[in-house]
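The report below goes through selected local features of one structure, from backbone geometry to ring pairs and helix packing. It is meant to be read with the coordinates open.

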Amino acid sequence: MLLVNAVAPAALLLAVPHNPQAAHSCLSDYYYGTHGQQDVFITNDDLCVTETASLFTEGSLVPVTGDVQQLVWLEHEAVDSSIKPATFVDEINVFLSQLPSAVPTASDSEQVVFSEQKRAELLHRTETSALISVDSETALTLDQHLPRFWKASPLPPAPIPFIPVPSKAVDRVKDILANLKFDPVVASLVNNISVPQLRADVRYLTGESPTSEIVSRHSFSKGILIAAEWLKGNFEMLGASCELKPYLTGFAPNVICSYEGSEDTTETVLISAHYDSRGSFGSIRAPGGDDDGSGTTALLGIARAIARKGVKFRKNVQICAFSGEEQGLYGSRYYAQELREKGANLTLMVQADMLAYHAPGEPAQLGLPDRIGTPEVTQLIANLSAIYSPELKVGFTPACCSDHQSFHGQGFPATQVFERAGPIADPMYHNSGDLSERENYDFEQIKSIAKVQFATLLHVAGYDLASDD
């Protein structure tokens, strides 16, 4: 049942579990994006809200009165009970109570001068979500203050198109699924991913290697700029064409690398990870070994295997490392929107986020999204895992949401690969102790999931080997 706050609002904000059918309703004109697993609409059209009530069995109606600033949706991550703090409600209560009412902008001796910015407001609250109104600068830095199991997702300033994945794009994935079968050459190629090299690469990104100057890969840090140049240099050395693509002042750039296909086609297959990180509150250290050094390292492992075996793709391939994920998917949102505006012919994309943690006593796993994403792409990944990484137990995860959401929201077929068929269980999640040299950090699991990503490229983009020429 929808929860209604009894206030006469200037508009109503409707937050409901993601439902692609809403794209075909009157609500599509009032869409403000999918945040976490919630579709958000803002409207003063009471008739539309009434007409579409049957689409949703649960959700919230939030009055939005007066002049609001930047709206930000806060959501508690799906985490295992073994690491969920008993005080998680208290933690968010403390955070909300400390939202700034004014921001110090200058100091004159002992006198602090405050800006004229409006007071932050709490507009809506449940045990696992909240809607706040804050100034735009505060919105960009919420990840540095939120309790570690909470994530922020900024709403756009105006409605955006609600773009479902076109049936033609889904049919193309269905055709790939229908023709999928074991390829012994693919099996040989994916097994060329090197665990010792994965270890060396992630240790550089975390700063564990003595050759690395990286302390943090937070999106605004010096370390992430070092990481960006290092990633670009390595991918280029391995045969890709790369660019550092800026998108918003203050953020590190996206690292966009491409392999031009041998066929005359615009079809493109994209795999990605996010290379920014988040550490403990109050610490400058943000190594991000699992989140998402593991996914970024998997991309490098695939690129190294491509170079080692002389793989030439028939269709175009992109390997992307996004920044700004921890602040609200900023990097991937900008890039996915750019691709949509250019009319990109993207067959599918697969995001890798957190591949390394292996909970004690559990088998190696592959978690696939239970809600946000294209089911046909998710099924393709599951089938490829069964063929090329049968050591992985495959299932669904409620952990949500990474950069695949940005592409899904632009109508591109997309899914995500994750380390567990269940909620987040890594005790070092969003912690400055997220290093690779620790118990239950499993490089073999990274390799197994990376094999699935690589097999996706080989099957969907097609390939030839240098020895075949």
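Leu329 is buried in this predicted model, with a relative accessible area of 7%, which falls under the 20% cut-off for that class and is therefore counted as such. The place of Leu329 is the loop that runs between strand 16 and helix 9, and although Leu329 is not a glycine, its phi is positive, at about 60°. A second residue of this kind is His430, which is not a glycine either and has a positive phi of about 50°. His430 sits in the loop between strand 20 (414-417) and helix 12 (443-461), and with a relative accessibility of 2% it counts as buried.

The backbone also contains cis peptide bonds. One of them leads from Asp291 to Asp292, with omega near 0°, and Asp292 belongs to the loop between strand 14 (268-274) and helix 8 (293-309). Another leads from Cys400 to Cys401, again with omega near 0°, and Cys401 is placed in the loop between strand 19 (393-397) and helix 11.

Aromatic side chains come next. The count of aromatic pairs comes to 15, and two of these pairs are set out in the table.

| Ring pair | Distance between centres | Angle between planes |
|---|---|---|
| Tyr31 and Phe41 | 5.7 Å | 50° |
| Phe322 and Phe407 | 5.9 Å | 45° |

The angle of 50° between the planes of Tyr31 and Phe41 is neither under 30 degrees nor over 60, so this pair is classed as tilted. Tyr31 lies in strand 3 (residues 31-35) and Phe41 in strand 4 (residues 38-43), so their pairing ties together parts that are 10 residues apart in sequence. Both Tyr31 and Phe41 are buried.

The rings of Phe322 and Phe407, with their planes at 45°, also form a tilted pair. Because Phe322 is in strand 16 (residues 316-322) and Phe407 in helix 11 (residues 404-408), this pair ties together parts that are 85 residues apart in sequence. Phe322 is buried, with a relative accessible area of 0%, and for Phe407, which is buried too, the value is 0%.

Ring pairs further link Phe220, Tyr247, Phe251, Tyr330 and Tyr334 into a cluster. A charged side chain also meets a ring, as Arg340 lies over the face of Phe412 at 4.3 Å from the ring centre.

How do helix 4 and helix 10 pack, and at what angle? Helix 4 (residues 167-178) and helix 10 (residues 375-388) pack with their axes 9 Å apart, at an angle of about 20°. That angle is under 35 degrees, and the two helices are therefore roughly parallel to each other. The crossing in which helix 4 passes helix 10 is left-handed. On the side of helix 4, Val170, Val173, Lys174, Ile176 and Leu177 take part, and they meet Glu376, Val377, Gln379, Leu380 and Asn383 in helix 10.

The last site is Asn345, located in the loop between helix 9 (330-341) and strand 17 (346-352). Asn345 is partly exposed, with a relative accessible area of 24%. Once its neighbours within four places in sequence are left aside, Asn345 is in contact with Arg172, Thr266, Glu267 and Thr268. Of these residues, Thr266 is 79 residues away from Asn345 in sequence, while the C-alpha to C-alpha separation of the two in space is 5.9 Å.

Notes:
Residues numbered from 1 in each chain as written. Predicted model: local features only at pLDDT ≥ 70, side-chain atom pairs only at ≥ 80, totals over all residues. Heavy atoms only, no water. Phe/Tyr/Trp six-rings, centres within 6.5 Å; stacked < 30°, edge-to-face > 60°. Helix = DSSP H or I, 4+ residues; strand = E, 2+ residues; numbered from the N terminus. Buried < 20%, exposed > 50% of the residue type's maximum accessible area, 1.4 Å probe, protein only. Lys NZ or Arg CZ within 6 Å of the ring centre and 35° of its normal. Axes fitted to C-alpha atoms, helices over the stretch in contact; angles between N-to-C directions. Parallel < 35°, antiparallel > 145°, perpendicular 65-115°, else oblique. Left-handed = near helix turned anticlockwise from the far one by under 90°. Contact = heavy atoms within 4.5 Å.
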